Amino acid sequence: TEGEPSTGLGLIICKDFIKKHGGHIQVNSLPGKGSTFTISFPFSEVSEHKTSASASNTINSLTTNSLKLTVLIVEDDEISEKLLTSFIHKISQRIFYAKTGTEAVEICRNNPEIELILMDIRMTDMNGYEATKEIRQFNNRIVIIAQTAYALAQDKEIALQNGCNDYIAKPIEKDKLLAMIEKHMNKKIID
């Protein structure tokens, strides 16, 4: 964590995510030795291949409309990046990645074909709102969805005021994200 201050949200988010998926988390800690976190999830052959109806309908709708998006995922956490990639890989023709706000701005400037950005808000060099403002100086058509672990009531309004098209709180649910993307991409196609 390279000296970053801790808010304590990480473990709470992990616990909520694990609980949502029917899992359990256990901690064993020894002073001066460290901590061991054990996570378990239920498994069955049926649930492995089962997709919720709304997520399935959204994927089918996006695929049917032949939307193969060029996407930029701006995320400094590798696990979150992989999770987002797994959520959108079926509707993407190309995915770019950035770990910092500065890198996101540069990738957007050099790749005007990018249609969608999933923008992490909390990053070390330039936060997601600052990066969005920079991107909006040269690209107003791109859809930017802010994604953050800070889920306060006013966060969506702050995201919109800073140039984002929408806001989604972590832990991100696949069906909600895909529905949000579909809403904005359909709007974009109609315009």
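## Surface patches, a two-sided helix and buried salt bridges

Glu103, Asp125, Glu130 and Glu134 form a negative surface patch. This is a predicted model, in which local features need pLDDT of at least 70 and side-chain atom pairs count only at pLDDT 80 or more, while totals for chains, interfaces and linings use all residues. Residues are numbered from 1 along each chain as its sequence is written, and side-chain values use heavy atoms, with hydrogens and water left out.

Let us start at the surface. Patches here consist of residues with over 30% relative accessible area and no salt bridge, joining like charges within 9 Å and nonpolar side chains (Val, Leu, Ile, Met, Phe, Trp, Tyr) within 5 Å. Asp125, one of the negative patch members, lies in the loop between β5 (116-120) and α6 (128-136). Its relative accessible area is 39%, so Asp125 is partly exposed; that class lies between buried (under 20%) and exposed (over 50%), using a 1.4 Å probe and protein chains only.

A nonpolar patch of about 270 Å² is made by Leu11, Val27 and Phe37. Val27 sits in strand β1 (residues 24-30) and is partly exposed at 43% relative accessibility.

Helix α4 (residues 78-88) is worth a look down its axis. Ser80, Glu81, Leu84, Thr85, Phe87 and Ile88 are buried there. They are on the same side of α4 because they cover an arc of only 160 degrees around the axis, taken from the directions from the helix axis to the C-beta atoms. On the other side of α4, Ile79 and Lys82 are exposed.

Now for the charged pairs. The whole structure holds 8 salt bridges, each a side-chain nitrogen of Lys or Arg within 4 Å of a carboxyl oxygen of Asp or Glu. The table gives three, including their N to O distances.

| Salt bridge | N to O distance | Separation in sequence |
|---|---|---|
| Glu75 – Lys170 | 3.0 Å | 95 residues |
| Glu81 – Lys99 | 3.1 Å | 18 residues |
| Asp120 – Lys170 | 3.3 Å | 50 residues |

Which residues do salt bridges with shared partners join into one network? They are Glu75, Asp120 and Lys170. Glu75 is buried with a relative accessible area of 0%, Lys170 is buried at 18%, and Asp120 is buried too. The other pair in the table differs in its cover: Glu81 is buried at 13%, whereas Lys99 is partly exposed at 38%.

Conventions: Areas by Shrake-Rupley, 256 points an atom, 1.4 Å probe, with all protein chains shown as cover. Lys, Arg positive; Asp, Glu negative; His and termini not counted. Charge placed at Lys NZ, Arg CZ, Asp CG, Glu CD. Helix = DSSP H or I, 4+ residues; strand = E, 2+ residues; numbered from the N terminus.
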